[in-house]
Amino acid sequence: MPKQFIAAIDQGTTSSRCIVFDAAGRIVASDQKEHRQIFPRPGWVEHDAAEIWTNVQQVTLGALSKARIKPADLAAVGITNQRETTVLWDAKTGIPVANAIVWQDTRTDKLLRELGGAEGQDRFRAATGLPLATYFSGPKIRWLLDEHEGLRARAEAGEVLFGTMDSWLIWNLTGRHVTDVTNASRTLLMNLSSLDWDDDLLAAIGVPRACLPEIRSSSEVYGEARGVLAGAPVAGALGDQQAALFGQTCFSPGEGKCTYGTGAFMLLNTGTAPVASKSGLLTTVGYRIGEAPAVYALEGAIAVAGSLVQWVRDNLGLIRHAADIEALAATVEDTGGCVFVPAFAGLFAPHWRSDARGVIVGLTGYVTKANIARAVLEAVAWQVREVADAMEADSGVNLTTLKADGGMTANELLMQFQADVLDAPVVRPKVPETTCLGAAYAAGLAVGYWPDTETLRANWQADKTWSPAMTAEARNAGLARWKKAVERTLDWV
C-alpha cells in the first residue's frame, strides 16, 4: 500500500506543532503546544531546548493519533523552525549545556560593536548578505563559548555541538548532525557563494568548525527517524520564513510573501544569484532542492508583530485573548492620532538599530484602549510597508500582490489596512499554514511523493483577497506620521 501522508514539524518561537498533510497539500490533522519564554534579564530571551524536544515528541504523537495513522504511513517528515535561535549540547549525552539563546535576544550587542570595529555593521555583509546584528547565531555561539568555563575547549574537540532548532530536532530524531542551507545562511558563518562554513568568518567571530553541523540542501533524506517517528525518512528542512516562501509556491524570481507570526517576515525570490541589498534588507538563501542550484531571496525581517498583540494581552491586560484585538480595534474609526512603534529589542529591517526602543506617541486625553488596539494593528502594517519599499528599491520590481500567511491573517481588519497602505491586493491562501506546508513539500519532493514544483504550484488556491480602498492622500499622511514616530525610537539605549 502506498504511503499516503507527509508530516511536518514546525518548531516555532512560542510553540511547537506537527501537521499531517495529504497529497493535495490539505491538512489532515494537527497538534500544538506552547513552551516557556525565559527572560533572565532585560533584553535576554531564552528557551529550554530539552522542553522543546519533549513538546515536539508530544505534538507529533498527537497529530498522528488525530489522523489515526502510524509512522509507517508517512512517506517523509519535514522540519521547519525558528531560525537564529542557538542551542549547544553535549555530543555524548544530548543534554543542552545551557538554555537556547532566542533570535530576539540582544545580549551580543557589545560583542557586535567589537566585531564591527572601524568597518561597522557591514563588515561581513559581502560574504554573508547579513549585517552585524544581535539577530544572528554566530555571535550567540561565541557568547556562550566565552561565558561558560571550559566550553570553548570542548567545542574545539567536537564534544559540544551547535545547532539551530532544525539541527537539534534532526539530531534527536536521527542522530545526524546536519543543517540546511537556509538555516546556515542565518548564522553569519556561511559564505553565500560557496554555501559552506567560511574559515575567515569563523576565525573573525571566534567559532570552531568542529562544533558546526554539515550543511545540506533543503530537500534530501538526512536520515531515518527513531523513537516517535521510527522508520520515517527525515527529508526536508527549511527555516520558517523560507518554508513559507516554499509553501506559498514562490518558485519564480519576483514572487514574494509575508508571514505574520511572532514577527513579520517578507521574502522575495531573486533567482539563482544573490542580490546585494542597499536598502537595509537581508540577502539570504531561499531554498535548495537536492543538487539543483540554490535559490536566493531578499528578506525584510520585522522583530515584533504577533508578539505585540501578546504583549498588549499579557503585560497591559487590554484584552483577554489575542483574537479579541480585532473586535476592540473595530470599535473606533482610527487611532485617535496615536502611533505605536514596537521597537522592544531595537528595530530590524530596514533600519537595523539596536539602540531603538518602543514608543507610543501622539497620546491625548481622547485616546482610549480601542485606539491603542488599532495602533497595534497599524504598527504591523506600517512596518511591512517600509520593507516593501526597500524591496522595490533593491529589486526594481513593483509589488503587484502580496501573498500573506501566518496566524495574523485571520485578522481581517489588519489585512485590509495592509492592502490599503501597500496600495496592492493582499491574498490569503486556502491553506494558511504555509510554513508547515513548505517543510512538507520539501520532504515530499525528496522522496518522490510529489514529482516536481509545478505539481505543488497546482495545489495553491486563494482563500480571500483584500483590495486597497484608501486614498493616496491618507496613505501618504499616515506614512509620514509613522516615519516621524520611528525617529523618536532612535538613540534611546
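In this predicted model, E46 is a convenient place to begin, since its relative accessibility of 10% means that E46 counts as buried. The residue sits in a salt bridge with R107, in which the closest N and O atoms are 2.9 Å apart. Because R107 belongs to the loop between strand 7 (100-101) and helix 2 (109-116), while E46 belongs to strand 4 (residues 46-47), the pair ties together parts that are 61 residues apart in sequence. R107, with 11% relative accessibility, also counts as buried, as the value falls under 20%.

Helix 2, at the far end of that loop, carries a salt bridge of another kind of spacing. Here the side chains of D109 and R113 meet at 3.0 Å, N to O, and the two residues, both in helix 2, are four residues apart, which is about one turn of the helix. R113 is exposed, its relative accessible area being 55%. A further salt bridge joins R123 to E119, with the closest N and O atoms 3.9 Å apart, a distance that still counts because the rule asks for a nitrogen within 4 Å of a carboxyl oxygen. In this pair E119 is exposed, at a relative accessible area of 56%, whereas R123 is partly exposed, at 32% relative accessibility. By the same rule the count comes to 33 salt bridges, and charged residues are also linked in a network of salt bridges made up of R83, E84, R186, D240 and E299.

The last residue named in that network, E299, leads on to the sheet, for E299 is one of the residues of strand 18 that point one way, together with V295, A297 and A301. Y296, L298, G300 and I302 point the other way, and all of these residues are buried. Strand 18 (residues 295-302) is accordingly described as mostly covered, with eight of its eight residues buried.

What are the partners of strand 18 in the antiparallel sense? One is strand 16 (residues 264-271), which pairs with strand 18 over seven bridges, and another is strand 17 (residues 282-287), which pairs with strand 18 over five bridges. A297 shows both contacts in a single residue of strand 18, since N269 stands opposite A297 and A297 is also the bridge partner of T284.

These strands belong to an open sheet of seven strands, arranged in the order 17-18-16-15-21-22-23 and with mixed pairing. Strand 17 and strand 23 (462-466) stand at the edges, each with a single partner strand, so one side of each is left without a neighbour in the sheet. From one strand to the next, the twist averages 30°. Further along the order, strand 21 (residues 402-405) and strand 22 (residues 426-429) run parallel and are joined by two bridges, with L402 having V426 as its bridge partner in strand 22.

Two helices can then be placed against this sheet. Helix 12 (residues 369-395) packs on the sheet, where it touches strand 15, strand 16, strand 18 and strand 21, and its direction makes about 145° with that of strand 18. Helix 9 (residues 240-247) lies across strand 15 (256-260), strand 16, strand 17, strand 18 and strand 21, and runs at about 125° to strand 15. Helix 9 includes D240 within its residues 240-247, and D240 is linked with E299 of strand 18 in the network of salt bridges described above.

Definitions and conventions: Residues are numbered from 1 along each chain as its sequence is written. This is a predicted model: local features need pLDDT of at least 70, side-chain atom pairs count only at pLDDT 80 or more; totals for chains, interfaces and linings use all residues. Side-chain values use heavy atoms; hydrogens and water are left out. Buried means under 20% relative accessible area, exposed over 50%, partly exposed in between (1.4 Å probe, protein chains only). Two strands pair if DSSP finds at least two bridges between them. Axes are lines fitted to C-alpha atoms, for helices over the stretch in contact, and angles run from 0 to 180 degrees between N-to-C directions. Contact means heavy atoms within 4.5 Å.
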